[in-house]
Amino acid sequence: MKEQLKSIDERAKEELSHIDDAKLLEDFRVRFLGKKGEITSILKQMGKLSAEERPVIGQLANKVRADIENALNK
């Protein structure tokens, strides 16, 4: 799951650097942060993790989400 989150973070930053249209920006936001987005799907899988792994993965997921949101706001 850690690798998935890191991959999402890298792909999001790369894709975001090439977006120059409001519609594409919204599509990007929905794909990564929306109800059925990539970050949300990872968070839904957290119940399968051990009690030791949950805080680590949760913290990383929240950091990736915040990084993407900050990049979107710029």
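**Exercise 1.** Leaving aside its neighbours within four places in sequence, with which residues is Asp9 in contact?

*Solution.* The model used here is a predicted one. As a starting point, Asp9 is found in helix H1, and with a relative accessibility of 13% Asp9 counts as buried, because the cut-off for that class is under 20%. Once the neighbours within four places in sequence are set aside, Asp9 is in contact with Val64 and Asp67.

**Exercise 2.** Determine how H1 and H4 are oriented towards each other, and describe the contact between them.

*Solution.* Helix H1 (residues 2-16) and helix H4 (residues 53-73) pack at an angle of about 5°, and their axes are 10 Å apart. Angles under 35 degrees count as roughly parallel, and H1 and H4 are therefore roughly parallel to each other. On the side of H1 the contact is made by Lys2, Leu5, Ile8, Asp9, Ala12, Lys13 and Leu16, while H4 contributes Val56, Ile57, Leu60, Ala61, Val64, Asp67, Ile68, Ala71 and Leu72. Sorted by class, the contact of H1 with H4 has 12 nonpolar and four charged residues, but no polar ones.

**Exercise 3.** Establish whether Ile8 is buried or exposed, and list what Ile8 touches.

*Solution.* Ile8 lies in helix H1, and its relative accessible area of 4% makes Ile8 buried. Not counting residues up to four places away in sequence, Ile8 touches Phe32, Glu38, Ile39, Ile42, Val64 and Ile68. A separate distance concerns Arg31, which is 23 residues from Ile8 along the chain, with 11 Å between the C-alpha atoms of the two residues.

**Exercise 4.** Compare the expected span of H2 with the model, and find where its buried residues lie around the axis.

*Solution.* At 1.5 Å a residue, the 12 residues of helix H2 (residues 22-33) should span 16 Å, which agrees with the 16 Å between its end C-alpha atoms. The buried residues of H2 are Phe28, Phe32 and Leu33. Because these residues cover an arc of only 90° around the axis, they are on the same side of H2. What covers them includes H1, helix H3 (38-44) and H4.

**Exercise 5.** Work out the relative direction of H2 and H4, and name the residues that make their contact.

*Solution.* H2 and H4 pack at an angle of about 170°, with 11 Å between their axes. Since angles over 145 degrees count as roughly antiparallel, H2 is roughly antiparallel to H4. The contact is made by Leu25, Phe28, Arg29, Phe32 and Leu33 of H2, together with Arg65, Ile68, Glu69 and Leu72 of H4. By class, the contact of H2 with H4 has six nonpolar and three charged residues, and no polar ones.

Terms used: Residues numbered from 1 in each chain as written. Predicted model: local features only at pLDDT ≥ 70, side-chain atom pairs only at ≥ 80, totals over all residues. Heavy atoms only, no water. Axes fitted to C-alpha atoms, helices over the stretch in contact; angles between N-to-C directions. Helix = DSSP H or I, 4+ residues; strand = E, 2+ residues; numbered from the N terminus. Parallel < 35°, antiparallel > 145°, perpendicular 65-115°, else oblique. Contact = heavy atoms within 4.5 Å. Nonpolar A, V, L, I, M, F, W, Y, C, P; charged D, E, K, R; others polar. Expected span 1.5 Å × (residues − 1). Buried < 20%, exposed > 50% of the residue type's maximum accessible area, 1.4 Å probe, protein only. Arc of directions from axis to C-beta.
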